[in-house]
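Welcome, and please open your viewer so that we can walk through this model together. At each stop you will get something to select and a short note on what is there.

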Amino acid sequence: MAHGVPRVHDRRVLRGIVYMIRNGLQRKDTPKAYGSNRILYNRFIRRSRPGVFDQIFGALTEQAGRSSAL
């Protein structure tokens, strides 16, 4: 277990990353409610490298396409 500052919840950080991407912000401009700039950056990089965000956004795009066809 890490010592020091408690871990920021993954869901909150993910919301911050999506907020940052959706609004075209740099991480330094993201509200502090989502966690520190460093946390957003580190978790974004760790999940971007293996293609996690590509898979998430691809699935969401596909799902949106299906729902708009109804």
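Begin by selecting Phe44, Phe53 and Phe57, which together form one aromatic cluster. Keep in mind along the way that this is a predicted model.

**Inside the cluster**

Now keep just Phe53 and Phe57 highlighted. Both belong to helix α3, where they sit four residues apart, about one turn of the helix. Is Phe53 buried or exposed? Phe53 is buried, because its relative accessible area is 6%, and the cut-off for buried is under 20%. Phe57, by contrast, has a relative accessible area of 30% and is partly exposed.

**The aromatic pairs**

How many aromatic pairs does the structure hold? There are three of them. A pair of aromatic rings is described by the distance of the centres and the angle of the planes. For one of the pairs, select Tyr19 and Tyr34: their rings are tilted, with 5.4 Å centre to centre and 35 degrees between the planes. This pair links distant parts of the chain, as Tyr19 is in helix α1 and Tyr34 is 15 residues apart from it, in the loop between α1 and α2. Tyr19 counts as partly exposed, because its relative accessibility is 30%. Then go back to Phe53 and Phe57, whose rings form a stacked pair, 6.1 Å centre to centre and 20 degrees between the planes.

**The nonpolar core**

Next, select Val8, Val13, Ile17, Met20, Tyr34, Leu40 and Phe53. These seven residues make up the largest nonpolar core. Which helix gives the most to this core? Helix α1, residues 10-22, does so with three residues. You have already met two of the core members, Tyr34 and Phe53.

Zoom in on Val13 and show what surrounds this residue. Leaving aside residues up to four places away in sequence, Val13 touches Val8, Tyr34, Ile39, Leu40 and Arg43.

**Out to the surface**

For the last stop, switch on the surface and select Ile21, Ile56, Phe57 and Leu60. They form a nonpolar patch with about 310 Å² of accessible area together. Helix α3, residues 52-68, supplies the largest share of the patch, three residues. One residue to pick out here is Leu60, which is found in helix α3. Leu60 counts as partly exposed, because its relative accessibility is 47%. Phe57 links this stop to the start of the tour: Phe57 is part of the surface patch and also of the aromatic cluster.

Terms used: Residues are numbered from 1 along each chain as its sequence is written. This is a predicted model: local features need pLDDT of at least 70, side-chain atom pairs count only at pLDDT 80 or more; totals for chains, interfaces and linings use all residues. Side-chain values use heavy atoms; hydrogens and water are left out. Patches are made of residues with over 30% relative accessible area and no salt bridge: like charges are joined within 9 Å, nonpolar side chains (Val, Leu, Ile, Met, Phe, Trp, Tyr) within 5 Å. Accessible areas come from the Shrake-Rupley method with a 1.4 Å probe; for residues, only the protein chains shown count as cover. A salt bridge is a side-chain nitrogen of Lys or Arg within 4 Å of a carboxyl oxygen of Asp or Glu. Helices (H or I, at least four residues) and strands (E, at least two) are DSSP runs, numbered from the N terminus. Buried means under 20% relative accessible area, exposed over 50%, partly exposed in between (1.4 Å probe, protein chains only). A nonpolar core is a set of buried Ala, Val, Leu, Ile, Met, Phe, Trp, Tyr and Cys residues joined through side-chain atoms within 4.5 Å. Contact means heavy atoms within 4.5 Å. Rings of Phe, Tyr and Trp (its six-membered ring) pair if their centres lie within 6.5 Å; planes under 30 degrees apart count as stacked, over 60 as edge-to-face and the rest as tilted.
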